[in-house]
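Visitor: I'd like a close look at how one part of this protein packs against its surroundings. Could you stay with that part for a while before moving on?

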Amino acid sequence: MIEPAKSVLSKLVTGREKGTEQSIKSLFESDQNRFNDYSANCGDILFDYSKNNIDRETRELLFQLADAADVKGRRDALFSGQRINVTENRAVQHMALRHPGDAEVEVDGDDVMPQIKGVLARMGSFSKGVRDGTISGKGGKFTDVVNIGIGGSDLGPVMVTAALAPYHDGPRTHFVSNVDGADISQVLSAVRAETTLFVIASKTFTTQETMTNAQTARSWFVEQCGEAAVRDHFVALSTALDKTSEFGIDDERAFGFWDWVGGRYSVWSAIGLSVMLAVGAEGFDELLAGGHAVDVHFQTASDSENVPLLMALIGIYHRNVCGYPSHAVLPYDQHLHRFAAYLQQLDMESNGKRIGLDGEPIDHDSGPIVWGEPGTNGQHAFYQLIHQGTTVIPADFIIAAIANNPVGDHHEKLAANAFAQTEALMTGKSLQQAHDELMKKGMNDEQAAALAPHKVFPGNRPTNTFVYPKLNPFILGQLIALYEHKVFVQGVIWNINSFDQWGVELGKELAAQLLPMVKNEARIQGRDASTEGLLKTFHAMRE
């Protein structure tokens, strides 16, 4: 953090130490209007942060922290196309991908909107042709699409297509990312070569995992349909036209994007082609519109109404003032079952940094561990630790008012569970309450006294809740963009670069060195004793 921000953070820590006896429950008891005062709206999405141990003084200090870190100035630099990704000397303008209308968006002094609209138009024309059958394969109309990518080229499209499953009216979508042969084998066994379109997503067309899977898919396809049919069944999401052409993909079937679009922010770009093929160009446009609505909200809403700013500041409070190391994302919507995994990359790859913008090690905690699963499944798995464990885990609960798949009273029971969990995490259950309940069930005093401590819930555990009318492309676009801007604000306050990812490089480099040894093409030497021992064991077991 820069010095002015450190000064405000110190005040927050002091305030936390003075108010340790204050509970979330007591804040409601002293303020009957707390829900209204500690919730905000972004379009149709309600963000309730009232169940956090934050009072007016703390909230005001958090706003001061944002000002001290110059969040607004950095936000303006982000949207103006400045090269805020300093370690790679790049602008960060994924917001332009969802920018509507004819207004200019500049990167390095050039208006990028004509390029973006050109790619979107080509994607729309291609997806329409695939969906209506005018663009077809050797066996006629495409019935299946296989997206081959990894990281942002996989997590975004996987999450979005799953979330928008009720809106699918195109070919079936499948995803391959892991270099483990089980992944590609399982998908290929479920499709017919003659009616399958392969989408290869790699900006450079050199990503090891993606190209290994792509070559396997190509060989499998050629065995059944012949070399000449490759041009009709393979599409590239890449700007490396020399490599895509060498692979056998026509330039007209290559859809590009730009170096100012980071992988974990790329679902809005050509990387979202598989989404467009599933839900159509109109559905994809609605996703973009939802993201843009949040861009406008983030730039124009006041501090007290600015949802991504509030999300970020609450997260900073939990990480740097309270010392909570992780954050759970708990969508009560089965269609969002990959949302937490998507946010893991967005948050942990962006803010899992230990070096500041000044090139020096930071002296505070940065990004939390982000994890989660859908409710109610999680309730029967890890909620035990959230409720009664020794570590406090802040959590986001996400719930729609209207189900996409209404069946009986399923959705009402789902919502009741979501709201009950946030209430239980806040209020808890005292030893006396547990003892009295056991006595009412017929236990004697000695029995109740022995069991009651195990049934105590400490409570005072913080949660946020998002409520929206119904999950659709527009709402999903809003949810994604809210978390994007939250991550950006936190990176600004921590004074780190949220847009590089050097931490993924070392493992790749070592894997390239080890591959000849794993293949038995080179002597096992020059490694540590453990790695050499593992390699020898690996070969012994294979023999």
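Visitor: At what angle do helix α14 and helix α19 pack, and how far apart are their axes?

Guide: One bit of housekeeping before the helices. This is a predicted model, where local features need pLDDT of at least 70, side-chain atom pairs count only at pLDDT 80 or more, and totals for chains, interfaces and linings use all residues. Numbering runs from 1 along each chain as its sequence is written, and side-chain values use heavy atoms, leaving out hydrogens and water.

Now to your pair. Helix α14 covers residues 339-351 and helix α19 covers residues 473-494; they pack at about 20 degrees, with axes 10 Å apart. (Axes are lines fitted to C-alpha atoms over the stretch in contact, and angles run from 0 to 180 degrees between N-to-C directions.) That makes α14 roughly parallel to α19, as angles under 35 degrees do (over 145 is roughly antiparallel, 65 to 115 roughly perpendicular, the rest oblique). The crossing of α14 past α19 is right-handed, with the near helix turned clockwise from the far one by less than a right angle.

Who does the touching? On the α14 side, the contact uses F339, Y342, L343, L346, D347, S350 and N351. Facing them on α19 are L479, I480, Y483, E484, K486, V487, Q490, G491 and W494. Contact means heavy atoms within 4.5 Å. By class, the residues of this contact split into 9 nonpolar, 4 polar and 3 charged. (Ala, Val, Leu, Ile, Met, Phe, Trp, Tyr, Cys and Pro are nonpolar, Asp, Glu, Lys and Arg charged, the others, Gly included, polar.)

α19 has another partner worth a look: helix α5, residues 71-79, whose axis comes within 10 Å of the α19 axis and crosses at roughly 125 degrees. That makes α5 oblique to α19. This crossing is right-handed too, for α5 passing α19. From α5, V71, R74, R75, L78 and F79 make the contact, and from α19 H485, F488, V489, V492 and I493 do. Here the tally comes to 7 nonpolar, 1 polar and 2 charged residues.

For another helix pair, go to α7 (residues 152-163) and α12 (residues 273-300), whose axes come within 11 Å and cross at roughly 80 degrees. The two are therefore roughly perpendicular. P157, V160 and T161 of α7 meet S274, V275 and L287 of α12. That contact holds 4 nonpolar and 2 polar residues, with no charged ones.

Let's turn to the strands. F397 sits in β12, residues 395-400, and with a relative accessible area of 1% it's buried, meaning under 20%. Beyond its neighbours within four places in sequence, F397 is in contact with L330, Y332, Y383, A418, Q421, T422, L425, T463, N464, T465 and F466. T422, one of those, is 25 residues from F397 in sequence and 7.9 Å away C-alpha to C-alpha.

F234 belongs to β8, residues 234-237, and at 0% relative accessible area counts as buried. Setting aside residues up to four places away, F234 touches L197, F198, I200, A217, R218, F221, F247, I249 and R253. V456 is 222 residues from F234 along the chain and 58 Å from F234 in space, C-alpha to C-alpha.

Last on the list is S39, in β1 (residues 39-42), which counts as buried at 9% relative accessibility. Past four places in sequence, S39 contacts L46, F47, D48 and Y49. Helices here are DSSP runs of H or I, at least four residues, and strands are runs of E, at least two, numbered from the N terminus.

How values were computed. Buried means under 20% relative accessible area, exposed over 50%, partly exposed in between (1.4 Å probe, protein chains only).
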